[in-house]
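Please find below a colleague's note on this entry, set out as numbered points. The sequence and the structure come first, so that each remark can be checked by eye.

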Amino acid sequence: TLSDRLSGIFGKLRGKGKLTDADIDATAREIRLALLEADVALPVVKAFIASLKERARGAEVSQALNPAQQIIKIVNEELIQILGGEGRRLQFAKQPPTVIMLAGLQGSGKTTLAGKLSRWLKGQGHQPLLVACDLQRPNAVNQLQVLAQRAGVDVYAPEPGNGVGDPVQVARDSIEHAKRTAKDVVIVDTAGRLGIDTEMMRQAADIRDAVDPDEVIFVIDAMVGQDAVRTAEAFRDGVGITGVVLSKLDGDARGGAALSVRHVTGQPILFASTGEKLEDFDVFHPDRMAGRILDMGDLLTLIEQAEQAFDEDQKEKMASKLLGGEQFTLEDFLDQLIAVRRMGPIANIIGMMPGMGQLKGQLDELDDSHFDRVTAIIRSMTPGERTNPKVINGSRRLRIANGSGVTVMDVNQLLNRFTEAQKMMKQMTGMMGLPGARRSAT
Ligand code: GDP
Ligand code: MG
């Protein structure tokens with residue numbers, strides 16, 4: 001399955017200290033193959049891989065995560081994106097009744113969905129009416145009636161014994177019936193064929209025109225492979241759809257349909273069906289589906305926690321240092337610089353650094369290359385110099401300047417700035433009435 005393939009790919013990244021471009025390319029190639037084999041449509045795969053590569057190479061590398069975890073995190077987020085990001089709710093008409101029309105191939109799960117949706121809507125306080133417009137299969141009306149009874153809702157169907165009724169007429173009449181009986185949501189079940197078929201498409205379009213639906217929901221069996229794309233395109237062009245429901249997600253779905261259908265239709269997946277019972281049904285959550293595909297729930301939680309813990313750890317170290325009345329050293333300054341550089345453009349984040357907000361004025365003129373220079377200067381100092389910059393005399397300044405490829409003036413400037421920063425840190429802890437600050441002041 002796609003899950004197995006992906007976890008195999010991620011496994012190879014484990015133990016790597018750093019991802020080279022070659023690593024990223026190789027990983028991207030394997031993920032590409034895994035997606036194609038899971039019947040994900042080619043344009044979707046291409047977009048996915050392009051985004052993955054860009055992000056993996058980009059600056060969003062986090063110290064909290066190892067390379068395998070970083071890739072997993074990106075893949076997870078991209079999956080969520082492709083599946084629809086935040087997701088969308090059902091649209092209701094301003095003036096009831098809201099009309100929901102179901103379309104899709106025979107066996108895709110339309111009639112079952114009609115039952116599930118009506119039960120769900122009823123649970124939300126609505127008064128749904130089911131409309132039987134599949135008059136082709138002998139048992140279709142009966143099937144809908146059985147489901148409606150289980151859901152506790154009403155069905156509108158042609159009188160039996162009048163021969164085969166006209167589904168378009170039934171659909172049209174059902175709206176009046178809904179108004180008369182104070183129903184606020186009308187769910188129109190339609191007939192499907194085994195394959196795409198002009199007759200079926202025309203009937204669906206006629207029913208659509210008769211009821212002017214607020215939603216046309218395309219129901220697709222998640223188990224179908226490459227056919228998903230062609231079918232979705234045919235319904236998109238033939239009927240026009242506003243939303244998708246994935247059915248049979250409880251089966252051994254390869255994930256291809258789920259990942260392709262949103263891109264192909266340009267419409268969101270609204271609900272997921274996960275079984276034959278009426279309650280096997282829920283609003284579609286892109287993040288949960290991505291989690292299902294990745295099948296790494298625990299790992300994803302771990303990644304989240306690692307990132308949070310890293311953040312907390314940094315803040316705590318700094319706070320306890322200041323609380324303990326310890327000096328803010330160049331070593332700390334360097335730590336913060338490195339942490340900050342990982343986070344992105346400097347202008348956005350200066351204010352986020354503990355204590356560094358005070359320095360904003362002084363650092364404002366610094367761009368990223370200045371930051372890198374400062375990092376280089378501090379790295380050229382010995383540990384002793386970093387803790388106690390006072391020992392850095394003229395000849396050591398020259399050595400540091402040479403070692404980091406800057407001028408002595410740059411070194412002087414940094415040291416002056418740092419001394420000011422150090423003073424400011426002391427004042428700040430003093431102002432906050434921290435015990436450590438008082439202790440160090442005496
Ligand atoms: P329709 O032809 O589009 O109306 O499809 P049906 O609603 O009649 O469903 C076809 C078959 O698929 C029936 O046997 C349903 O019980 C079954 N089915 C529908 N939805 C699901 C689902 O989410 N999971 C499973 N396992 N079976 C489903
Ligand atoms: Mg049906």
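The points that follow move from the chain as a whole to its helices, its strands, the ligand shell and a few backbone details.

1. The model is predicted, and what is said below should be read with that in mind. The secondary structure of the chain comes to 20 helices and 8 strands, and 37% of its 442 residues count as buried. Among contacts between residues at least 6 apart in sequence, 75% join residues at least 24 apart.

2. At the start of the chain, L2 lies in helix 1, which covers residues 2-13. L2 counts as buried because 24 C-beta neighbours fall inside 10 Å, where the cut-off for burial is 20 or more. Its C-alpha atom is 9.8 Å from that of D39, although the two residues are 37 apart in sequence.

3. D39 itself deserves a look, since it has a positive phi of about 70° without being a glycine. The residue sits in the loop that connects helix 2 (21-37) with helix 3 (42-57), and D39 counts as buried because it has 20 C-beta neighbours inside 10 Å.

4. A182 offers a second case of a residue that is not a glycine and yet has a positive phi, here of about 60°. A182 belongs to the loop between helix 7 (167-180) and strand 4 (185-190); with 10 C-beta neighbours inside 10 Å, it counts as exposed.

5. Helix 4 comprises 16 residues (67-82), which at 1.5 Å a residue should span 22 Å, and the 23 Å between its end C-alpha atoms agrees with this. Its buried residues include P67, I71, I72, V75, L79 and I80, and also Q69, K73 and N76. The helix is followed by G84, whose phi is positive, near 125°. In the loop between helix 4 and strand 1 lies P97, and a cis peptide bond with omega of about 5° joins P96 and P97.

6. Helix 9 can be checked in the same manner: its 12 residues (227-238) should span 16 Å at 1.5 Å a residue, and the end C-alpha atoms are indeed 16 Å apart. The residues A228, V229, T231, A232 and F235 are buried, and the buried residues of this helix pack against strand 1 (98-103), strand 5 (215-221) and helix 10 (256-265). Just after helix 9, G240 takes a positive phi of about 85°.

7. Strand 7 (residues 269-273) is mostly covered, with 5 of its 5 residues buried. It pairs in the parallel sense with strand 6 (residues 243-247) over 3 bridges, V245 being the bridge partner of F271 in strand 7. With strand 8 (residues 281-283) the pairing of strand 7 is antiparallel, again over 3 bridges, and here A272 has D282 of strand 8 as its bridge partner.

8. For residues 268-281, an unreviewed UniProt entry lists "domain: SRP54-type proteins GTP-binding". In the model this span is 0% helix and 43% strand, and its end C-alpha atoms lie 16 Å apart.

9. Which residues are closest to ligand 1? They are G109, K110, T111, T112 and S273, out of 18 residues that surround the ligand. Helix 5 (residues 110-123) gives the most to this shell, with 3 residues. By class, the shell divides into 13 polar and 5 charged residues, with no nonpolar ones.

Note on methods. Residues numbered from 1 in each chain as written. Chains lettered and ligands numbered in written order. Predicted model: local features only at pLDDT ≥ 70, side-chain atom pairs only at ≥ 80, totals over all residues. Helix = DSSP H or I, 4+ residues; strand = E, 2+ residues; numbered from the N terminus. Expected span 1.5 Å × (residues − 1). Buried ≥ 20, exposed ≤ 12 C-beta atoms within 10 Å, placed from the backbone. UniProt positions renumbered as here; feature names shortened; annotations may be inferred. Contact = placed C-beta atoms within 7 Å. Near = placed C-beta within 6 Å. Nonpolar A, V, L, I, M, F, W, Y, C, P; charged D, E, K, R; others polar. Pairing = 2+ DSSP bridges.
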